[in-house]
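The following exercises are to be solved from the sequence and the coordinates. Each task is followed by a worked solution.

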Amino acid sequence: MDLHLQGKVVIITGGAKGIGAGITLAFAAEGAIACILGRNSAEGQELVNELKAKGQHADSFLTDMTDEAAVKQAVADIVSRHGSIDVIVNNAGGNDAVGLRNSVSEFTASLQRNVVHYFTLVHFALDHLIASKGNIVNIGSKTAVTGQGGTSGYAASKGAINALTREWALDLARHGIRVNCVIPAEVITPLYERWLAQAPDPVLAREQLDRLVPLGRRTTTIEEIADAVVFVASERSAHTTGQMLFVDGGYVHLDRACTSEASHLKQS
Ligand code: NAP
């Protein structure tokens with residue numbers, strides 16, 4: 001299937017690591033110009049070099065997404081180097097465990113790290129998206145709909161991202177701009193590995209995690225998230241907007257009884 005992404009200019013925030021790196025690789029493989037915005041220039045450049053060595057197109061822009069001026073500058077630099085912006089993938093962020101015992105300023109800082117920059121980037125890129133009739137893919141999290149405990153800032157941010165997906169889809173439909181959200185639940189990335197490593201028995205913790213997922217009893221791969229993002233961003237999804245796409249092996253929506261260890265629950 002031709003996704004018609006050849007030559008499209010795609011911004012991926014946090015695109016040098018974890019899910020973001022998978023998304024960068026997937027767009028580049030489809031012939032897009034993958035533009036990484038990240039705060040580690042060495043990592044970004046390393047991935048760009050790897051893609052260029054394969055004859056693919058990528059670029060990297062040192063940008064801390066919480067720095068408004070840096071985001072504005074990155075948008076200007078991308079347009080100056082590549083001429084347009086066709087797709088924005090808002091991905092940078094992470095579960096920072098800012099809970100109810102943290103201070104109000106720590107909660108506010110978590111919102112800055114996890115949702116405010118989704119707005120910042122779209123705000124500064126808006127005229128370019130309108131010109132290209134482009135589209136936006138937001139990366140959400142299961143925590144927006146399930147909660148997790150101990151992570152008020154992250155959960156609130158991801159809830160807001162779902163709301164902004166619907167709000168922007170409606171707001172921008174008159175310009176032909178689509179806005180969707182891809183929602184992972186359990187994906188083993190550097191961020192997740194750091195979290196698992198804190199468990200008393202990381203191997204057992206990983207096995208227990210796998211068993212919770214109804215489809216295949218395994219976590220979702222980075223590539224499975226990336227493929228969903230690329231498809232939703234492509235013209236093959238031309239009439240899909242305002243959607244929350246859960247790519248999670250049924251983790252969030254299927255009956256918990258199916259992964260329960262208690263056999264009487266499985267029979268009910
Ligand atoms: P990751 O492995 O930590 O990668 C995140 C990338 O984003 C890193 O390169 C990180 O840079 C960058 N980043 C974070 N904040 C940034 C900022 N302010 N400015 C610039 N770059 C920034 O995380 P991941 O697991 O791939 O998560 C990616 C997205 O998926 C996040 O939105 C997360 O909420 C969502 N998600 C992940 C899972 C999962 O199971 N992994 C589940 C649900 C949702 P540094 O290396 O410098 O930190």
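**Exercise 1.** Identify which atom of Met65 lies 2.9 Å from a nitrogen atom of the ligand, and list further polar contacts of the ligand.

*Solution.* A polar contact is a pair of N or O atoms within 3.5 Å; within protein, one must be able to donate a hydrogen and the other to accept it, and residues adjacent in sequence count only if both atoms are side-chain atoms. The atom of Met65 is a backbone N or O. Next, a ligand oxygen lies 2.7 Å from a polar backbone atom of Asn91, and a ligand oxygen is 2.8 Å from a side-chain N or O atom of Arg39. Finally, 92% of the 890 Å² of accessible area that the ligand has on its own (Shrake-Rupley method, 1.4 Å probe) is covered by the protein.

The model is predicted: local features need pLDDT of at least 70, side-chain atom pairs pLDDT 80 or more, while totals for chains, interfaces and linings use all residues. Residues are numbered from 1 along each chain as its sequence is written, and side-chain values use heavy atoms, without hydrogens and water.

**Exercise 2.** Compare the expected span of helix 3 (residues 68–82) with the distance between its end C-alpha atoms.

*Solution.* Helices are DSSP runs of H or I with at least four residues, numbered from the N terminus. The expected span is 1.5 Å times one less than the number of residues; the 15 residues therefore should span 21 Å, in agreement with the 21 Å between the end C-alpha atoms. At the helix start, a side-chain oxygen of Asp67 comes within 3.2 Å of the backbone nitrogen of Ala69. After helix 3 comes Gly83, with a positive phi near 90°.

Methods
Helix = DSSP H or I, 4+ residues; strand = E, 2+ residues; numbered from the N terminus.
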